[in-house]
Amino acid sequence: MSTEQRTGWEIRPARVDDPAEVDRLYAVCLRTGANGQDASALFHDDRMLGDIFVGPYLALEPELAWVIAPRGGPAAGFVLGAADTEDFERTAESVWWPGVRERHGLVGRDQEDALPPGEAAARKAIRQPPRTPVAVTADYPAHLHIDLLPEAQGGGNGRRMIDTLLGALRARKVRGVHLGVGKGNTAAIGFYRHLGFEELSDEDTFLRMGIRFDVGAIDERGASLR
């Protein structure tokens, strides 16, 4: 019997063509968007955060999108990735961000600065999406994003989600993967360190962490962290 069967949770590919599932993943993103806590009160538009952290992955890297759900139930978390961050960011600039900017009717910078911090930061990220430094992508070309609702946390679910994505990246012969985590999300930082992710840079509001696949981080099956 698999771990999924024993725990009642299943990991499966995201149904990127199902509007109801996409809406659900956007909702998960919002409910975990404040350093792992509910960010609903920080946004007037409840789809803005998902347009940054969910939508581009479902559109551009659908084969690297998985969800975790109670068997037969709605998604309670996701892990999303991009195998080549530089290519992902270039492509998103041409095919994803123009529509998002139009959809959210971006305001002027003076008005933007007067918004609540969460929405102001989101609008700035939409207006001018940050590019990952080459110093990071040289050794850690892939990146990932994972969010789990409280009911899906624990029991090894987060680790199995990341294992699933890392196994897929390893199969593509990707050298390493990085992620960003808010400095205030101490539980997530501890979780990533436990999995072997190391701090790459300390930036304004977040840490960038990474793990290499060519230094024994993944076992011979390409699926599990040591």
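Which residue forms a salt bridge with Glu61? The partner is Arg172, and the closest N and O atoms of the pair are 3.9 Å apart. This report starts from the whole chain and then returns to that pair.

## The chain as a whole

This is a predicted model. The protein chain has eleven helices and seven strands. Of its 226 residues, 47% count as buried. The accessible surface comes to about 11100 Å². Carbon and sulfur atoms hold 50% of that surface.

Many contacts span long stretches of sequence. Take the contacts between residues at least 6 apart in sequence: 67% of them join residues at least 24 apart.

## Strands S1, S2 and S3

Strand S2 covers residues 65–70. Five of its six residues are buried, so the strand is mostly covered under the 20% limit for relative accessible area. S2 has strand S1 (residues 9–13) as a partner, and the two run antiparallel. Five bridges join them. One residue pair here is Arg12 with Val67, its bridge partner in S2.

S2 also pairs with strand S3 (residues 77–82). This pairing is antiparallel too, over four bridges. Val67 appears again: its bridge partner in S3 is Phe78. S2 and S3 form a hairpin, with six residues between them. Gly72 sits in the turn and has a positive phi of about 85°.

## Strands S4 and S5

The pairing continues from S3 to S4. These two strands are antiparallel and share six bridges. Gly81 stands opposite Leu144 in S4. S4 then pairs with S5, this time in the parallel sense, over two bridges. Ala142 stands opposite Val177 in S5.

How many of the seven residues of strand S4 (residues 142–148) are buried? The count is seven of seven. Both faces of the strand are covered. On one side, Ala142, Leu144, Ile146 and Leu148 are buried. On the other side, His143, His145 and Asp147 are buried.

## The nonpolar core

The largest nonpolar core has 62 residues. Four residues have the most contacts inside it: Leu169, Val177, Tyr192 and Phe197. Val177 is also the residue that Ala142 stands opposite in S5.

Phe197 touches several residues, leaving aside those up to four places away in sequence. Among them are Leu144, Val177, Leu179 and Tyr192. Met209, Gly210 and Ile211 are also touched by Phe197.

## Salt bridges

Side chains of opposite charge can pair when their charged atoms come close. The count for this model comes to 13 salt bridges. One of them joins Arg12 and Glu21, with the closest N and O atoms 2.8 Å apart. Both residues are buried. Arg12 is the residue whose bridge partner in S2 is Val67.

A second example joins Glu119 and Arg123, at 3.1 Å between the closest N and O atoms. Both lie in helix H8 (residues 117–127). They are four residues apart, about one turn of the helix. Glu119 counts as buried because its relative accessible area of 3% is under 20%. Arg123 is buried as well, at 10% relative accessibility. Elsewhere, salt bridges that share partners join Glu61, Glu63 and Arg172 into one network.

## Back to Glu61 and Arg172

Now the opening pair: Glu61 forms its salt bridge with Arg172. The pair links distant parts of the chain, 111 residues apart. Glu61 lies in the loop between helix H4 (55–60) and S2. Arg172 lies in the loop between helix H10 (157–171) and strand S5 (176–182).

Which of the words "buried" or "partly exposed" fits Arg172? Arg172 counts as partly exposed, because its relative accessibility of 39% falls between 20% and 50%. Glu61 is buried, with a relative accessible area of 13%.

## The loop around Ser40

Ser40 lies in the loop between helix H2 (19–31) and helix H3 (48–53). Ser40 is partly exposed, with a relative accessible area of 34%. A polar contact of 2.6 Å joins its side chain to that of Asp38. Ser40 and Cys29 are eleven residues apart in sequence. In space, their C-alpha atoms are 9.8 Å apart.

Technical notes: Residues numbered from 1 in each chain as written. Predicted model: local features only at pLDDT ≥ 70, side-chain atom pairs only at ≥ 80, totals over all residues. Heavy atoms only, no water. Buried < 20%, exposed > 50% of the residue type's maximum accessible area, 1.4 Å probe, protein only. Polar contact = N/O pair within 3.5 Å; in protein donor to acceptor, adjacent residues only side chain to side chain. Pairing = 2+ DSSP bridges. Contact = heavy atoms within 4.5 Å. Areas by Shrake-Rupley, 256 points an atom, 1.4 Å probe, with all protein chains shown as cover. Salt bridge = Lys/Arg side-chain N within 4 Å of Asp/Glu carboxyl O. Core = buried A, V, L, I, M, F, W, Y, C linked by side-chain atoms within 4.5 Å.
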